[in-house]
Amino acid sequence: MKKTKAVLFSILIILFFFNLSFPQENLSPLPPTEVRASDTPNDNGHSITVTWKLSGDDGADKKNVVAYEILRSDSPTGEFIVRGMVPAGNNTYQDRGAKEKEDKNYFHPHKDFYYKVRAKTLNSYSESEVAGPAQAYGEWFHLGKLPVFVGTVTFTIMVLAFISLARKGKEFYVRPLAGIDAVDDAIGRATEMGRPILYILGLGSAADIATIASFTILNRIAKKTAEHKTKIIVPCNDPIVMSVAQETVKAGYLDAGRPDMYKEENIFYLTSMQFAYVAAVNGIMLREQTATNFYLGKFYAESLILAETGSVAGSIQISGTDEIAQIPFFVAATDFTLIGEELYAASAYLGREPLLLGALKAQDLAKAIVMISLALGALAASFHLGFFLKLFTVQM
Amino acid sequence: METIGIWIAALLTLGIFSFLYKDNPFYKFCESLFVGISAGYWFVTTFWQVFMPKLADNLIAGRFYYMIGAIFGVLMLLRLFPKIGWLSRWSLALVVGTTAGLYFTRYLVSNGMVQVQNTIIPLYVKGNLSQTIGNLVIVIGTFSGLIYFFFSKEHKGAFGGLAKLGIWFLMLSFGASFGYTVMSRMSLLIGRMDYLLGTWLGLIR
Amino acid sequence: MRREVPLAITAIVGFALIIVYFIPHPPFNHSRDFFEDLFFIIAAFAIWLGCLNLLKVNADKVYLKKKGWTFSIVVWFGFFLMVIVGFWEGRGFMNPGTTFYYLYDKLYYPLNATMFSILAFFVASASYRAFRARNKEATILLIAALFVMLGRVPFGYYLSSWLPEGWRLGNITDWIMDFPQTAAQRAIMIGIALGIVSSSLRVLLGLERTFASGE
Amino acid sequence: MNFLEKLLALDRRIIFLFIAIAVALPLFFTVKLHIEVTPVVRNLHNALEALPPGSKVLVSLDYDPGSMPELQPMAESFFRYCFMRDLKIIIIGLWPNGPIQANSALEVILNEPDIKKKNPKYGMDYVNLGYTAGNEVVIERMGSDIPVTFPKDYSGNKTEDIPLMKGVKNFNNIDFVYNLSAGYPGTVEWVLFGVDPYKIKLGAGNTAVQAPQIYPYLNSGQLVGLLGGMKGGAEFEIATGHPAKAVKFMFSQSVSHALICFFILIGNFAYFATRKKKGA
């Protein structure tokens, strides 16, 4: 009797446990709540953002929600189709589509859509209430890019303000720059020795900012060589760069009042091939025994070959580039190097044209603002003040 | 076919290397071949990967405003005719404008604001000395580096000291860059040597 | 006309691109892609211009029997080999198994890779003959370079394994890379950003106009 | 001319010869070198270890054969690792040549005995979606819709029909992104247009020339880890317990670095010694 009781009891217990656990496997999880659907901000009008509160069963020890499915329909009672799925623990989804009308995944702007979110376990699911209607529409201004906009406008105003100050005759001070100060000496040296000057514009195209800066520098240097009656050789590796360089040098000679001394054959096109170009330039350096070499513009792997040949040949070398990987070779093997931003500034320095100096001043003011922000920002971050960081956070 | 190819590749490699000893006809041959082949390669690649998908396909799809690209492209080719070559300046102007316009925002954001944003870090990290020192170094380094690039004030006194510190930071970074570049070049040479000694001659496994 | 039109084109296109950056609304959201496409198309024509120039220069050499004219024939041969095969293959010209890919793999790639690997030799000779500790800055640069070059290969470990963990060459290199190097890179990046932004503006405003000169 | 002056005037061909020997000779020896795994590589490895089997990893190969010696071993070791760990690989390229590089790396890896045993299937375990033009815009477009950005795979199958791509809509369904980069577009673009807006987890391998410029993104946490140059590749091979090509080449790399350092020292020594003499 006792035995039967025990057996019955254990069966009961087993049943009880089954009761507890087994049907619960099949039970649907708690549905996600507070589902909201609204236009995705700052976009082109082809997406809606859906957010929800996680299901009560989303979490490690609970009835394991594994994922959420996001469903969409044209009407609250219509057929809902699955638009996407995110793993458990996520509570947002951007329902996006193509912007081309022909695309089958085209997303209609300005059309009412209804959403619901499905919490899924391995073998069951439950659905939220229907949210909506929501419409997608495109914005005319990207709010996330506001910091960039403020930066752009402020900087443009600063440049224009400094330029107008310069036009009114305000004198600007700029500190001496070793590489620039050396230019005059280098030209003087070439004149004394009666040897030519070599000017390399780099491998950039005529549209690269570094090449454009280099053109302006070439113009100033050409003017000085005209005054000193020194020969300047400009071998180019791009036909367009060459023709611009010819005009630039010609203008420099004109400025110096010596248009008669300009020789077009000294500014010539060699080849577009990187290493063939370098080999030819090396040949010129050794043959012509150039007293001074300028390497200003975009440079790549050839930088060190040029600098080595010039160094061994004993030329004075002044270099400058914004290619960070090449600056080290120039610093180690040439006499003066214009580092990154200094190259862009050099054109303003050499010409001392008030307009360019004005732009340089604006750049400095911007730099001062950046430095102050850095200092304040680091302090703010040290005291866990997050607002400062937000000023610089750009959303793409 | 594969074996012939490997032999050709190996001989061309040796041909280029022969320049290290002295300029010679073998090298000149390889170099000329390289010049021709790379020009041909780029001609074909730009045709199939730029001209067709970006120009022809768009025109076929009825987006006729892409004709602007064709027109300015042809203007570029006019450089071959000296009399009307100046028209190619218009294409150059378009390219310069596009570059300037795109670079303006791209650099302002990715090189400017993002870097500033990343440098706004706490100067003191509780209980983590090395991170604290590291953060200090980053903030001071960035700050003094910018001081070095400041053109409006002479590098004198405390300001000059900071600029000096800045240039030291810059040089340290250039040194690191130098080391890494050397590493890359050596890797390339190792790759070629492995090809010659392994793939071609089979001396190493 | 020859000078004003290019400057106007530059200014209009450049400023338009800056403005549309802030507008997500169609059709402006497409316009940046469009201008980028234009840029690539014109760049492609520029590359063709370069090729045509190359052919012309070499044809002249052959025609005038200039020194080394036989090599000019090699240039022509290489060019047309690639072009004919490339056009014959069609759009999938670069898929493995095509003749173009074979030429690429067996001619273009080895020549290109060898040209670059020659730099390893030049780095060596330059480090012997030209990289001098000519001033304090260059000295710091070279010392940092030595640290990185040794610290980044196993030799650095053997050279400094007698030092306590955390102070070895590798650790010092890690530290240099993580902190001072990162800081300096940021300063340079921010500097270049301001420089480019300001130069772009100068170009768009027509202050830096050398590129628009010429015949 | 004394000894030092002679030393300075050394024919560069002798220097070239030294370099050739320093690189070639070590290739003949198999030396077991101590390769320390640096924190930036270990972080990447740890992040990968944390992925459960079946996770989907997007691999973007953004380089061409020019950087093969440095980046190809990284591609191979990464594929090997993914197959061994049963991670699903989705390959794309922002450079036209990237998917081709991927195919040649896969060819090597799929023929390894360990991997052969696993027998990964195309479409189930890995897929190559090919190249799409558009640089960083491609990353932006993938953020909204991967199948629309890459409608077909490398061999022309519809992306939607590939089993592995079922349920892969955008970055929400990708667990990790690994990028091998030799320039623009590359790691910087993945950080700015992938990590920042879409919060993807990103690890990268870079050529050594580029690596220093990537460090600022590591420090800020936008990048999980970085393999820099061939040494980074070797470290990853060690970390994953499967030394291969990059490890093999490390001996050559070490000897050549040591030689360059020696040249810099001796060159400067001779230079300053002769200059002092002349000055005196």
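Contact here means heavy atoms within 4.5 Å. These legends describe a predicted model, in which local features need pLDDT of at least 70, side-chain atom pairs count only at pLDDT 80 or more, and totals for chains, interfaces and linings use all residues. Residues are numbered from 1 along each chain as its sequence is written, chains are lettered from A and ligands numbered from 1 in the order in which they are written, and side-chain values use heavy atoms, with hydrogens and water left out.

**View 1. Surroundings of D39(A) in strand β1 of chain A.**
Strand β1 covers residues 33–39 and contains D39(A). Strands (E, at least two residues) and helices (H or I, at least four) are DSSP runs, numbered from the N terminus. D39(A) is buried, at 11% relative accessible area. The classes use a 1.4 Å probe and protein chains only: buried is under 20% relative accessible area, exposed is over 50%, and partly exposed lies in between. Leaving aside residues up to four places away in sequence, D39(A) touches S47(A), T49(A), Q135(A), A136(A), Y137(A) and E139(A). The D39(A) side chain reaches the backbone nitrogen of Y137(A) at 3.1 Å.

**View 2. The interface of chain C and chain B.**
Chain C gives 105 residues to the contact, and chain B gives 116. The two chains bury about 10,700 Å² between them, with 81% of this on carbon and sulfur atoms. Buried area is the accessible area (1.4 Å probe) that two parts lose on being put together, summed over both. On the chain C side, W48(C), L111(C) and R186(C) lose the most area to chain B, together 6% of what that side buries.

**View 3. Polar links and helices between chain C and chain B.**
The rule finds three salt bridges across this interface. A salt bridge is a side-chain nitrogen of Lys or Arg within 4 Å of a carboxyl oxygen of Asp or Glu. E36(C) pairs with R106(B) in a salt bridge, with the closest N and O atoms 3.5 Å apart. There are also 15 residue pairs in polar contact, both residues at pLDDT 80 or more. A polar contact is a pair of N or O atoms within 3.5 Å; within protein, one must be able to donate a hydrogen and the other to accept it, and residues adjacent in sequence count only if both atoms are side-chain atoms. The elements of chain C giving two or more residues to the side that touches chain B are α1 (4–20), α2 (28–63), α3 (69–89), α4 (99–129), α5 (136–151) and α7 (169–204). α7(C) supplies the largest share, 25 residues.

**View 4. The interface of chain C and chain A.**
Here the contact takes 50 residues from chain C and 59 from chain A. About 4,900 Å² is buried between these chains, 73% of it on carbon and sulfur atoms. The count is two salt bridges. D335(A) and R134(C) meet through their side chains in a salt bridge (3.8 Å, N to O). Polar contacts link 10 residue pairs, both residues at pLDDT 80 or more. On the side of chain C that touches chain A, α2, α4, α5 and α7 each supply at least two residues. α7(C) gives the most, with 15 residues.

**View 5. C236(A), a cysteine without a disulfide partner.**
The structure holds zero disulfides over all chains. A disulfide is a pair of cysteine sulfur atoms within 2.5 Å. The closest cysteine sulfur to that of C236(A) is in C51(C), 19 Å away and so too far for a bond. C236(A) counts as buried, at 2% relative accessibility. C261(D) also counts as buried, at 4%.
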